[in-house]
Amino acid sequence: MHITLESDYAIRIVIFLAQQGKRADAKLISENTGVSLRFALKILRKLVSGEIVRSYKGMAGGYELARDPEKISLADIIGVIEGPYCLSRCLRPDGVCPRSGEADCKVSRVFADISVDVHQKLKQATIDQLM
């Protein structure tokens, strides 16, 4: 089990912007994170939409964090890129579970507990701790 490459790259991009402490253009972000420019732009759009990053147009344009690094968690970033974290698709509201309708699915309960634990850990890990 692993996070997607897109989430991994999004975390790298946010850490880079936090380390910069100022506005950076997409090309600089791409070069310093090892993410292709095209993919970086796609990720940046999602991060802007999720209010983790701000974008500015024009000659002095670029991207910067919308919040302080200590107020951005891994859960925030992964949530913007992937959606809510669930260990199993049967826990997602739109998921398909072959046991749906069963009142007491022990497997789902265990997966739900693990999902809560993982989400709490991701919420506790903030960008300032990773810089």
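## Exercises on a predicted model

Of the 30 residues in the largest nonpolar core, the ones that touch the most other members are Leu47 and Ile77. Helix 1 (5–20), helix 2 (26–33), helix 3 (37–49), strand 2 (62–65) and helix 4 (74–82) each put at least two residues into this core. The biggest giver is helix 1, with 9 residues. Keep in mind that this is a predicted model. Now for the exercises.

### Exercise 1: the overall layout

**Task.** Work out how many helices and strands the chain has, and in what order the elements run.

**Solution.**
- Start with the count: there are 6 helices and 2 strands.
- Then walk from the N terminus, and you get α-α-α-β-β-α-α-α.
- Next, look at burial: of the 131 residues in the chain, 35% are buried.
- Last, take the contacts with a separation of 6 or more: 60% of them join residues 24 or more positions apart.

### Exercise 2: around Leu47

**Task.** List which residues Leu47 touches, leaving out those up to four places away in sequence.

**Solution.**
- On the low-numbered side, Leu47 touches Ala10, Ile13 and Val14, among others.
- Further along the chain, its partners include Ile52 and Val53.
- The list is completed by Ile77, Val80 and Ile81.
- For background, nonpolar side chains tend to be buried together in soluble globular proteins.

### Exercise 3: helix 1 against helix 3

**Task.** Find the angle at which the axes of helix 1 and helix 3 cross, and decide whether to call the pair parallel or perpendicular.

**Solution.**
- The two axes come within 10 Å and cross at roughly 75°.
- Angles of 65 to 115 degrees count as roughly perpendicular, so helix 1 is roughly perpendicular to helix 3.
- Who makes the contact? From helix 1 it's Glu6, Tyr9, Ala10, Ile13 and Val14, and from helix 3 it's Phe39, Ala40, Lys42, Ile43, Leu44, Lys46 and Leu47.
- Sort these by class and you end up with 9 nonpolar, no polar and 3 charged residues.

### Exercise 4: the hairpin and Ser55

**Task.** Say in which sense strand 1 and strand 2 pair, then describe the setting of Ser55 in strand 1.

**Solution.**
- Strand 1 (residues 53–56) pairs with strand 2 in the antiparallel sense, over 4 bridges.
- Two of the bridge partners in strand 2 can be named: Leu65 for Val53, and Tyr63 for Ser55.
- The two strands form a hairpin with 5 residues between them, and Gly58 in the turn has a positive phi of about 100°.
- Now zoom in on Ser55: its relative accessible area is 37%, so Ser55 is partly exposed.
- Leaving out residues up to four places away in sequence, Ser55 touches Val48, Gly62 and Tyr63.
- There's also Arg23, 32 residues from Ser55 in sequence but 8.8 Å away in space, C-alpha to C-alpha.

### Exercise 5: helix 4 and what covers it

**Task.** Identify which residues of helix 4 are buried, and what angle helix 4 makes with helix 5.

**Solution.**
- The buried residues of helix 4 are Leu74, Ala75, Asp76, Ile77, Ile78 and Ile81.
- Their cover includes helix 1, helix 3, helix 5 and helix 6.
- Helix 4 and helix 5 pack at about 115°, and their axes are 5 Å apart.
- These two helices are therefore roughly perpendicular to each other.
- At the contact, Leu74, Ala75, Asp76 and Ile78 of helix 4 meet His119, Leu122 and Lys123 of helix 5.
- By class, that gives 4 nonpolar, 1 polar and 2 charged residues.
- After helix 4 comes Gly83, with a positive phi near 95°.

### Exercise 6: Ala112 and Thr126

**Task.** Take Ala112 and Thr126 in turn: is each one buried or partly exposed?

**Solution.**
- Ala112 lies in helix 5, and at 29% relative accessibility it counts as partly exposed.
- The C-alpha atoms of Ala112 and Ser88 are separated by 8.2 Å, with the two positions 24 residues apart along the chain counted as their separation.
- Thr126 sits in the loop between helix 5 (106–124) and helix 6 (127–130).
- The relative accessibility of Thr126 is 12%, so Thr126 counts as buried.
- Setting aside neighbours within four places in sequence, Thr126 is in contact with Pro69, Glu70, Ile72 and Ser73.

Definitions and conventions. Residues numbered from 1 in each chain as written. Predicted model: local features only at pLDDT ≥ 70, side-chain atom pairs only at ≥ 80, totals over all residues. Heavy atoms only, no water. Core = buried A, V, L, I, M, F, W, Y, C linked by side-chain atoms within 4.5 Å. Buried < 20%, exposed > 50% of the residue type's maximum accessible area, 1.4 Å probe, protein only. Contact = heavy atoms within 4.5 Å. Axes fitted to C-alpha atoms, helices over the stretch in contact; angles between N-to-C directions. Parallel < 35°, antiparallel > 145°, perpendicular 65-115°, else oblique. Nonpolar A, V, L, I, M, F, W, Y, C, P; charged D, E, K, R; others polar. Pairing = 2+ DSSP bridges.
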